[in-house]
Amino acid sequence: MAKIINIGVLDVRDVANELAQQITKIENVGLIIENEDSQVLLKNCKRTNIGATMKVPKDVKVKFIIQNGEIKLDKDFLEGLLDPIILLVNGGLIIENDIDINLFDEKIYSILVNGELICSKNLSGIIQSKGTVNGETLRYNNGYKYIEGNIKLTNRFLKGLKPNSKLAFEQLVVIEDIDIKLLEERIANIQVLEKLILVDELEDNISQYIDEYYSVDK
């Protein structure tokens, strides 16, 4: 009799009948990939502490990417993949705004996130249809550039932007005097996903650029 223990991803789709009869227990596995045949062959096998199971047809060719910690996906990353992937993330996942829904659908077979997911609104539906997110999901506006962390808006920051930028901030701090002409040139819209810290004297100049300003946590 045999046990399978302490494995990140276990693909049992090709398990032989003779081997399946010898396996009595599968324990401490992050993800089990199986199909209808393997489910029948391993029906008497005891399973303990399994993170998730995923049913994938035997003839589907996929690769696995496992990330412990934060990972960012952009267009270049996905276009560099030769086969669709099953993405397992134990940490944060940030999906950049240069990924369109067709590219995501082509390259991501399934997805499992244990942690925070940050993505554009137009991708949130397909992400949910392809897997599971165990954690908070932050959705930024389509066409906006997401900027992570606690960011202070200064003239120096503005000078580094392209004209008419649309930006989504996790947290934004505005406590220094801003060159209004520079602000008008570089900023078209601002979205604040979590918290805005703003001094009263700057409110009139800044609030007009912030989407849904009065509903933002300030």
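## A first look at this predicted model

Welcome: a good place to begin is Glu34, which is buried at a relative accessible area of 6% (buried means under 20% relative accessible area, exposed over 50% and partly exposed in between, using a 1.4 Å probe and protein chains only). This is a predicted model, in which local features need pLDDT of at least 70 and side-chain atom pairs count only at pLDDT 80 or more, while totals for chains, interfaces and linings use all residues. Residues are numbered from 1 along each chain as its sequence is written, and side-chain values use heavy atoms, with hydrogens and water left out.

**The whole protein**

- The protein has eight helices and 14 strands (these are DSSP runs numbered from the N terminus, with H or I of at least four residues for helices and E of at least two for strands).
- Its radius of gyration is 23 Å, whereas a compact globule of 218 residues would have one near 17 Å (the radius is taken over C-alpha atoms, and the globule rule is 2.2 Å times the number of residues to the power 0.38).
- Along the principal axes, the C-alpha atoms fill a box of roughly 75 × 30 × 25 Å.
- Of the 218 residues, 44% count as buried.
- Among contacts with a separation of 6 or more, 35% are between residues 24 or more positions apart (contact means heavy atoms within 4.5 Å).

**Glu34 and Asn35**

- Glu34 is in strand 2, and Asn35 lies in the loop between strand 2 (23–34) and helix 2 (36–41).
- Asn35 counts as buried because its relative accessibility is 6%.
- The side chains of Glu34 and Gln39 are joined by a polar contact of 3.2 Å (a pair of N or O atoms within 3.5 Å; within protein, one must be able to donate a hydrogen and the other to accept it, and residues adjacent in sequence count only if both atoms are side-chain atoms).
- A polar atom of the Asn35 side chain lies 3.3 Å from the backbone nitrogen of Asp37.
- Leaving aside neighbours within four places in sequence, Glu34 is in contact with residues including Arg13, Arg47, Lys55 and Val56.
- With residues up to four places away not counted, Asn35 touches Arg13, Lys55, Val56 and Lys58.

**Two nonpolar cores**

- The largest nonpolar core has 23 residues, of which Leu158, Leu172, Val174, Ile187, Leu196, Ile206 and Ile210 touch the most other members (such a core is a set of buried Ala, Val, Leu, Ile, Met, Phe, Trp, Tyr and Cys residues joined through side-chain atoms within 4.5 Å).
- Strand 12 (145–152), strand 13 (165–174), helix 7 (180–186) and strand 14 (187–198) each give two or more residues to this core.
- Strand 14 supplies the largest share of this core, five residues.
- A second, separate core of 20 residues includes Leu78, Ile99, Ile108 and Cys119.

**Helix 5 and its surroundings**

- In helix 5 (residues 121–130), the buried residues are Leu123, Ser124, Ile126, Ile127 and Lys130.
- These buried residues pack against strand 7 (93–95), helix 4 (101–107), strand 8 (108–114), strand 9 (117–120), strand 10 (131–134) and strand 11 (137–140).

**An exposed residue: Asn150**

- Asn150 is in strand 12 and is exposed, with a relative accessible area of 53%.
- The C-alpha atoms of Asn150 and Glu170 are separated by 6.7 Å, although these residues are 20 apart along the chain.
- Not counting residues up to four places away in sequence, Asn150 touches Gln171 and Val173.
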